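Colleague: Before we discuss the packing, could you show me the model and then take me through the terms you apply to it?

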Amino acid sequence: MLSCKDVTQLISESMDRSLPLGKRIGVRIHLLMCLFCARYERQLLLIRETVRRLVAVEETPEGLFLGALSEDARGRIRQSLRSR
Amino acid sequence: MGNLERFDPSDWVDRYGDYLFRYALLRLRDRSAAEDLVQETFLAGLKNRETFSGGSSESTWLVGILKHKIADHFRRQAREGSLPDGDPPNQPGEPPFNATGHWTSGPADWGGNPPDLFRQKEFLEEFTKCLSGLSPTQANAFTLREIEGLNTGEICKVLDITETNLWVILHRARMHLRRCLETRWFARGTGKGS
């Protein structure tokens, strides 16, 4: 019988690899009965999805929040390229 | 676009500098380290300009160089042993599970899936703070997995650890990150009338 502690480890693992069938079934059965672990899984998936979208947004040419190189850094980098 | 005649270093800074900077900053969370990697990327690009085939765009080619620099950065940190693999000291509160492996206090209800979290600047700030609160190994493993999108085999090579070890590290990273986000972000609304 898997404990909540075991199940949270397996939920995380399942985000990185495909679990063996026995473990997968054990986790699914536990999640049907355990509100907290089911919630835990939903929240981890929400965090993953949010991070992916965040990255996608920042990696457009404009970006959203992370801003730009400072003028200092810009000058320093230009200088280093010129001296080559 | 992007043939050898167009290789103009000062042009690079204007055209790709900010983009590469944001790319690096998202992964390193350190402005000066990110600036250094942008500079190193341009210098490596100049040095190896003959490896630019023209088959990809200049920006894709430069990001490819930057990706290597970022992996090198993490590799160096792991090798220098500056990465204690314990739980971060600044994780307050009781352990999540009791002796029998049951939740001591389970995850709180976050009140449905909040839409467009990723468009909120404050969320990005809290997320970055929570990520920085992890142990360096946990933060780097999480970053390589969820931001850089590497598979576990690739991450194990960079961090020089076993896969079993990585699964444990990622599990702890997610556990702490979830709890931190709950405290710093999702719990803000509880008790607040809407």
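**Contacts, core and domains**

Modeller: Leaving aside neighbours within four places in sequence, Leu66(B) is in contact with Leu20(B), Tyr23(B), Ala24(B), Leu37(B) and Thr41(B). This is a predicted model, in which local features need pLDDT of at least 70 and side-chain atom pairs count only at pLDDT 80 or more, while totals for chains, interfaces and linings use all residues. Residues are numbered from 1 along each chain as its sequence is written, and chains are lettered from A and ligands numbered from 1 in the order in which they are written.

Colleague: What makes Leu20(B) a residue in contact with Leu66(B)?

Modeller: Two residues are in contact if their C-beta atoms, placed from the backbone, lie within 7 Å, and Leu20(B) is listed among the contacts of Leu66(B).

Colleague: Why is Leu66(B) called a member of the largest nonpolar core?

Modeller: A nonpolar core is a set of buried Ala, Val, Leu, Ile, Met, Phe, Trp, Tyr and Cys residues joined through C-beta atoms within 7 Å, where buried means that 20 or more other C-beta atoms lie within 10 Å of the residue's own. Leu66(B) is one of the 50 residues in that core, and is among those that touch the most other members, as are Ala141(B) and Phe142(B).

Colleague: How do you know that this core lies between the two domains of chain B?

Modeller: Domain 1 (4-79) and domain 2 (87-194) of chain B both give residues to the core, so it lies between them; the bounds come from an automatic or database domain assignment. Across this division, 8 residues of domain 1 are in contact with 12 residues of domain 2 of chain B.

Colleague: How many residues of chain B are in contact with chain A?

Modeller: Chain B has 42 residues in contact with 40 residues of chain A.

Conventions
Buried ≥ 20, exposed ≤ 12 C-beta atoms within 10 Å, placed from the backbone.
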